[in-house]
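Me: I should like to go through this model and ask what the terms used for it rest on. Please set each value against its definition.

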Amino acid sequence: MSQGNLYILSAPSGAGKSSLISALLERDSSTPKMVSISHTTRAPRPGESHGVHYYFVSKAEFESLIEQDLFLEYATVFGGNYYGTSLPAIEQNLAKGIDVFLDIDWQGAQQIREKVPSVKSIFILPPSLPELERRLIGRGQDKDYVIAERMAKAKNEISHYDEYDYVIVNDNFEQALGDLQSILRTERLTKTYQQTANAVLLNQLLDK
Ligand code: 5GP
């Protein structure tokens, strides 16, 4: 069986990354796929639950997991909070042929590229900075000072777009979702992927 593909999705907050990932999981059944659940030390927002959106842990617990070498990557992202991707679940799911998506920032992406060179990374851009701010205010999740902090961080995050393999501008949601699906489809058509997926056929065709 072919391994699943590992994908990184990064974007400034408000660019629509979480909605795109949710829609992809709900609407695209072409291949099995899942999102990795990160650990974080930030507090849950209303509607978020442990083990679904994140594993919410204390700083001491997070630091103990770092010492146990559980993380494939981790970084300090917002407000001095740790965010990290743990390794075991990812390996198990890839081995079962499931595509795994990592919703992580550019710092985590850099660490993963070092460790997993085959990873494919996708950057989601907003159509403009005013639209990004409008979306952040519109989702009503953050206080004013957090929105100001997220806008300041957005430019820094965007400055890393050229480290990624693919770039999607999320102006029209349906079009951006289609772009994401096209990337997945393309990645399943690469020679490397097909050599495993169609190993039997290739052997027959080549009389091996
Ligand atoms: P939020 O607090 O809005 O859930 O996430 C803030 C940022 O942290 C997002 O850009 C998200 O991609 C990033 N993030 C979430 N989980 C991880 C992780 O495990 N590692 C890293 N490096 N960043 C993460």
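Me: What makes the pair formed by a nitrogen atom of the ligand and the side chain of Glu73 a polar contact?

Reply: The model is predicted, with local features requiring pLDDT of at least 70 and side-chain atom pairs pLDDT 80 or more, whereas totals for chains, interfaces and linings use all residues. Residues are numbered from 1 along each chain as its sequence is written, and side-chain values use heavy atoms, without hydrogens and water. The ligand nitrogen lies 2.7 Å from an N or O atom in the Glu73 side chain; a polar contact is a pair of N or O atoms within 3.5 Å, so the pair qualifies.

Me: Which other residues place a polar atom by an oxygen atom of the ligand?

Reply: An N or O atom in the side chain of Arg45 is 2.9 Å from a ligand oxygen, and a polar backbone atom of Gly84 is 3.1 Å from a ligand oxygen.

Me: Which residues come nearest to the ligand?

Reply: Lys17, Ser38, Tyr54, Glu73 and Tyr83 come nearest, out of 17 residues around the ligand (a heavy atom within 4 Å).

Me: Why are helices H5 and H6 called oblique to each other?

Reply: The axes of H5 (residues 129-138) and H6 (residues 144-158) cross at roughly 140° and come within 11 Å. Angles under 35 degrees count as roughly parallel, over 145 as roughly antiparallel and 65 to 115 as roughly perpendicular; the rest are oblique, and H5 and H6 are therefore oblique. Their crossing is right-handed.

Me: Which residues make the contact of H5 with H6?

Reply: With contact meaning heavy atoms within 4.5 Å, Leu129, Leu132, Glu133, Leu136 and Ile137 of H5 meet residues of H6 including Ile147, Met151 and Ile158. The residues of this contact comprise eight nonpolar, no polar and three charged.

Notes
Axes fitted to C-alpha atoms, helices over the stretch in contact; angles between N-to-C directions. Helix = DSSP H or I, 4+ residues; strand = E, 2+ residues; numbered from the N terminus. Left-handed = near helix turned anticlockwise from the far one by under 90°. Nonpolar A, V, L, I, M, F, W, Y, C, P; charged D, E, K, R; others polar. Polar contact = N/O pair within 3.5 Å; in protein donor to acceptor, adjacent residues only side chain to side chain.
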